[in-house]
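Reader: I would like a close look at a single part of this model, namely the place where the ligand sits. Please take me through it in one connected account.

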Amino acid sequence: MSVITTERHDDVLVIISDNPPVNALGQAVRQGLADGIEEALGDDSVKAVVIRCDGRTFFAGADITEFGKPPQGPGLGDVLDQIEASDKPVVAAIHGTALGGGCEVALACHYRVAVPSAKLGLPEVKLGLIPGAAGTQRLPRVVGAEAALPMVVVGNPIPAKKAESIGLVDRIVGEDSLAEDAIAFAREQIGKPVPRASEGTANRDGVENPAIFDEFRAKHGRKLRGFDAPEAGIQAVKAAGELSYEEGVKKERELFMGLMAGTQSAAMRHYFFAERAANKIEGIAKDIELIPIKKVGVIGAGTMGGGISMNFLSAGIPVTILEMEQEALDRGTGVMRKNYERTALRGRMTGEQVEQAMGLLTSTLDYADLADCDLVIEAVFENMDVKKEVFAKLDETVKQGAILASNTSYLNVDEIATATNRPEYVLGLHFFSPANIMKLLEVVRGDKTSDQVLATCMKLAKKIGKIAVVAGVCDGFIGNRMLSPRQQQANALIMEGANYWEVDEVLLDFGFPMGPFQMSDLAGLDIGWHRDPSRIESVRDALCAMDRRGQKTGAGFYDYDEARQRTPSDDVKKVIAEFAEKQGVEQREISKEEIQERLLYPMVNEGALILEEGMAQRASDIDVVWINGYGWPLYTGGPMFWADTIGLGTVVAGLEKHRERLGEKFKLSQLLADKAAAGERFNG
Ligand code: T1G
């Protein structure tokens with residue numbers, strides 16, 4: 001069965017694509033489109049054409065799985081030129097998400113009609129690319145350079161209504177009558193000269209006001225720092241004003257091929273599939289019966305408990321939040337309302353939506369009010385005895401068949417489960433702070449956690465907008481476990497003479513939003529501090545005793561001004577030097593290269609140990625954790641993909657070179673050593 005079929009509706013030929021799951025523009029689709037247009041042009045009784053898709057969406061782009069493989073004809077660009085060259089009006093009938101090459105198909109059509117719920121976009125930049133089938137040349141000519149810039153350079157899709165307002169969509173049609181409305185619209189255009197996007201002139205705005213390009217760079221520079229594709233996108237849209245259409249398409253191709261050959265796009269395409277793979281659980285049937293989650297309970301209304309609750313409320317799931325004292329309950333629910341109101345102030349929610357979400361919240365001091373919950377998440381103080389006490393109480397109180405989850409960030413979930421008679425219903429749901437914002441969720445699978453419970457929570461994570469990754473029970477799960485060797489090396493490096501601000505600089509240059517010492521200052525140096533200023537056993541103790549507890553006291557490793565701008569401190573440098581002397585550590589010049597190797601290679605090694613022990617399902621899951629939870633730069637694909645890119649042999653050689661400085665606990669992963677020796681990669 002061809003993925004493309006045609007249907008005659010009197011004098012209108014409808015070309016229909018049915019290539020699940022998202023009508024990706026693979027070779028067969030491209031060939032089918034070319035054949036369909038040829039059929040229309042070859043039959044005089046055909047006066048107009050409609051292109052539409054069956055299934056959940058209009059073409060969602062080129063088939064990303066074809067990238068990096070030998071190209072097969074016809075090329076998308078050629079097919080689109082064929083469509084646009086038609087003298088018979090061609091109408092794109094859009095539903096779902098017309099993205100990338102799909103939006104370019106729509107742009108090659110002479111008209112675009114869309115259902116109200118449709119979205120149109122050019123997200124190629126999120127794959128480290130730019131549109132490669134003349135999208136950067138046709139779009140500005142239809143909507144103007146100013147409107148085209150965010151679509152090409154930031155890559156977020158826009159709703160049909162917005163697309164209509166900028167001239168990208170010609171008519172919004174009935175949500176349930178797309179096929180017939182598109183045919184009617186096409187019939188209305190018969191006999192009129194066809195408008196071709198490549199001949200449009202809306203892009204004059206970029207020529208008349210070239211400042212828009214620098215203004216755009218200035219406005220988005222910080223967010224797009226380190227990525228190659230955005231600047232290429234700006235250059236391509238600018239070229240649309242400066243060059244003829246044909247020359248502009250050549251320029252686009254040049255920029256596109258440059259990016260396609262680069263490491264960033266390979267890394268970002270890896271991430272695209274890694275994010276989708278993370279939600280799949282090896283060895284569990286896709287159609288396993290799930291537990292319906294209609295009501296959620298949360299224990300603890302602190303920062304984490306409040307943030308966790310907001311995820312469910314925002315997804316329309318009622319939450320009952322429990323605290324020990326009324327004052328703590330009022331404070332916690334007050335913070336939740338403030339957070340919602342701030343989001344509304346920023347225009348990302350309506351006042352009505354705030355009331356709707358808060359309306360689903362019940363607060364209580366009584367465990368009995370959690371009895372009919374389908375899932376209860378505990379977010380109390382990180383102490384095993386306290387956790388076990390809470391779980392024992394929940395086990396007594398909450399109905400059988402309900403899931404009991406802990407938000408612990410490092411405690412042993414199996415140990416916690418022993419406090420209940422239903423260990424198969426116990427697992428970890430490790431949210432990241434701020435829990436209502438951070439997308440990452442480590443779903444910690446206990447020894448006895450049932451497949452049904454695990455699958456239910458993975459599905460639920462998607463519903464509340466989280467990117468969930470399955471982790472095994474070990475100290476720090478995936479993320480924090482890999483953070484610890486990095487932190488250990490950061491502390492060792494400053495003992496040996498590296499300036500702490502240089503250590504931070506190395507990670508900033510690598511693409512992290514923050515270095516380890518900036519992070520410590522943000523989190524607070526007194527987390528876990530014994531609060532005895534006379535007991536100085538580490539640089540942290542010394543700084544806390546000097547009341548340098550981080551940003552919150554205006555000083556930590558760095559001094560901070562009112563605007564929270566940081567400045568290295570000579571006092572801190574002196575404290576570190578004194579400490580090193582006391583410990584008999586000789587200080588020396590340390591290169592940026594050594595700093596980077598000693599911070600990142602041990603992390604990769606720890607990732608390999610996690611894989612060896614089966615604490616992560618696949619290497620790409622580790623990449624998803626670090627990109628979404630710890631600011632690892634997306635354009636390198638995550639720690640495991642980055643290691644593949646530089647070569648596992650290089651990582652092993654670096655670890656051996658620094659072996660004596662990696663601490664007595666360091667153990668080289670056999671998996672890493674074997675893969676390096678065999679010239680293999682973590683990610684296939
Ligand atoms: N190619 C191949 N497979 C794709 C795909 C694509 N473009 N889009 C989705 N899939 C697979 C995906 O891997 C998953 O597979 C399944 O479809 C469902 O996806 C020349 C160069 C459309 C908004 O960047 O953003 O066009 O895991 O789980 O949450 O200029 O998929 O089930 O095996 O994401 O409902 C530009 C990418 C390409 C859009 C649907 N297009 N896709 O989201 O489902 S570059 C994109 C998405 C390009 C041209 C250039 C989303 C979606 P599996 P899903 P969803």
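Which helix gives the largest share of the shell around the ligand?

Author: This is a predicted model, in which local features need pLDDT of at least 70 and side-chain atom pairs count only at pLDDT 80 or more, while totals for chains, interfaces and linings use all residues. Residues are numbered from 1 along each chain as its sequence is written, and side-chain values use heavy atoms, with hydrogens and water left out.

The largest share of the shell comes from helix 12, which supplies three residues. The shell as a whole holds 25 residues, and the closest to the ligand are Ala 62, Glu 104, Glu 124, Arg 276 and Lys 280; a residue belongs to such a shell if one of its heavy atoms lies within 4 Å of the molecule. By class, the shell divides into 14 nonpolar, five polar and six charged residues, where Ala, Val, Leu, Ile, Met, Phe, Trp, Tyr, Cys and Pro count as nonpolar, Asp, Glu, Lys and Arg as charged, and the others, Gly among them, as polar.

Three atom pairs show how the ligand is met by the protein, each being a polar contact, that is, a pair of N or O atoms within 3.5 Å. A polar side-chain atom of Arg 276 lies 2.6 Å from an oxygen atom of the ligand. The backbone takes part as well, since an N or O atom of the main chain of Gly 101 is 2.8 Å from a ligand oxygen atom, and a backbone N or O atom of Ile 64 is 2.9 Å from a nitrogen atom of the ligand. In terms of surface, the ligand taken alone exposes 1,000 Å², of which the protein buries 75%; these accessible areas come from the Shrake-Rupley method with a 1.4 Å probe.

As for the elements behind this shell, those that give two or more residues are strand 5 (97-99), helix 3 (101-108) and helix 12 (263-278). Here helices (H or I, at least four residues) and strands (E, at least two) are DSSP runs, numbered from the N terminus. Gly 101, whose backbone approaches a ligand oxygen atom at 2.8 Å, falls within the span of helix 3 (101-108), as does Glu 104, one of the closest residues to the ligand. Arg 276, also among the closest, lies within the span of helix 12 (263-278), the element with the largest share of the shell.

Notes. Polar contact = N/O pair within 3.5 Å; in protein donor to acceptor, adjacent residues only side chain to side chain.
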